[in-house]
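User: Before I accept the labels attached to this model, I would like to go through the reasoning behind some of them. Please set each value against its cut-off as we go.

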Amino acid sequence: MAKNQLSKVQQRRVAAQHNKRLNRADEQYNEGEFLAPQDGIVISRFGKVADVESLQGEVFRCNIRRTLASIVTGDRVIWRQNNDSQINSVIEAIHPRYSELVRPDFYDGIKPVAANIDQIMIISSVLPELSLNIIDRYLVACAVTNIQPIIVLNKIDLLNESQYQEMVDIFDYYRQRGYRVLLLSCRNMQGLDEFKQQLQGRTSILVGQSGVGKSSIIHQLLPEISIQVNVGEISETSGLGQHTTTSTRLYHLPTGGNIIDSPGIREFGLWHLEPEQVIQGFPEFYDYLSDCQFRDCNHLTDINCGLVKAAESGNIATWRLDNYHRILQTMREVKAKTNRAFK
């Protein structure tokens, strides 16, 4: 069922009230149910409530005003503490975000996943299965949102010598195109120091399929919270990773910076984008687009396509071109089902 839509007049009134709350943080509220407004950061969201950390490091369970836009982990907010307890406090307003990772939702439209992120750590592994398509989907999302991507191949201890060299060759392709690539093993600590260094002073979000080892990485970074974070195994029945993180949550790193753990996914949707946005995630294609015979070349069946010729000559990877077309095909299929325009 579609949500009720506000009229333009109602939207203006809501925006005016929100700006008023943002600008009154210094006012005093010493009477009544709530204390004075103060700044905080959302460390997790659960339905109609969110956990907000105060500037003093205390965590309060807060209700969310119905008029506020979607609140997500990483949001900087103005909130008011309940006079009597650490629960039933209230979030008054949201500070402007400098970045956000979003995904499309059939019911809610464009849905934020996390806010105020400096970099996206795209975690992959050979188990349950290496998916270059999901890596490329996140690279598209990073390019569109202008958030730095870091590609991480985890569980490299499971590779024999020939498999390791095959993975090195694949990920060297990304590295040679300007992407930062890290090879990691939580079991033998290989690459962990370089991984930690990349996190210092930044807010990073871990993303990827279920079972690629995001929770294991959190264990290595923050062993003191191991009770809160479960490490799952690969299902013997399906061969798929098990969901061990059920909600997106922000943690502070002892060496500086923040890390956001997010639930694993099967596929990261991009059907809210346009084709010209998708190609931003494939920057090596730009050198060959001018070689296409037709300006509206589909880069698949049209004759004299610069991308096809570049793939045939080895200048771009065939699997990158295949992933590009798989993303566009998925977008067409979803938009056809939802009656959304696709050009």
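Analyst: Let us begin with S262, which is placed in the loop between β13 (258-261) and α6 (275-278); please keep in mind throughout that this is a predicted model.

User: What makes S262 count as buried?

Analyst: The relative accessibility of S262 is 5%, and buried means under 20% relative accessible area, so S262 is called buried.

User: Which backbone oxygen does the side chain of S262 reach, and what makes that a polar contact?

Analyst: The side chain of S262 reaches the backbone oxygen of L206 at 2.6 Å; because a polar contact requires a pair of N or O atoms within 3.5 Å, the distance of 2.6 Å satisfies that limit.

User: How many disulfides does the structure hold, and why is C292 not bonded to the closest cysteine sulfur?

Analyst: There are 0 disulfides in the structure. The closest cysteine sulfur to that of C292 belongs to C297 and lies 4.0 Å away, whereas a disulfide needs the two sulfur atoms within 2.5 Å, so the separation is too far for a bond. C297 is likewise in no disulfide, its nearest cysteine sulfur being that of C305, at 3.7 Å.

User: How do you know whether C292 and C297 are buried or exposed?

Analyst: C292 has a relative accessible area of 12% and C297 one of 8%; with the limit for buried set at under 20%, the conclusion is that C292 is buried and that C297 is buried.

User: Where is I64 found, and why is I64 given the label it has for accessibility?

Analyst: I64 is found in strand β3 (residues 59-64), and its relative accessibility of 16% falls under the 20% limit, so I64 counts as buried. Leaving aside neighbours within four places in sequence, I64 is in contact with several residues, including R45, V49, I71 and I91. I91 is 27 residues from I64 along the chain, and the C-alpha atoms of the two are separated by 5.2 Å.

User: How many cavities of 30 Å³ or more does the structure hold, and what lines the largest cavity?

Analyst: The structure holds 1 cavity of 30 Å³ or more, and the space in the largest cavity is about 40 Å³. Its lining includes I122, I123, S124, I134 and V212, with β8 (119-125) and α2 (132-145) each giving two or more residues. The largest share, 3 residues, comes from β8. By residue class, the lining divides into 5 nonpolar, 4 polar and no charged residues.

Key. Residues numbered from 1 in each chain as written. Predicted model: local features only at pLDDT ≥ 70, side-chain atom pairs only at ≥ 80, totals over all residues. Heavy atoms only, no water. Buried < 20%, exposed > 50% of the residue type's maximum accessible area, 1.4 Å probe, protein only. Helix = DSSP H or I, 4+ residues; strand = E, 2+ residues; numbered from the N terminus. Contact = heavy atoms within 4.5 Å. 1 Å grid on protein atoms, 1.4 Å probe; cavity = no way out; pocket = protein on both sides within 12 Å on 5 of 7 lines; lining within 4 Å. Points joined across faces, edges and corners; volume = space filled by probe spheres on them. Nonpolar A, V, L, I, M, F, W, Y, C, P; charged D, E, K, R; others polar. Polar contact = N/O pair within 3.5 Å; in protein donor to acceptor, adjacent residues only side chain to side chain.
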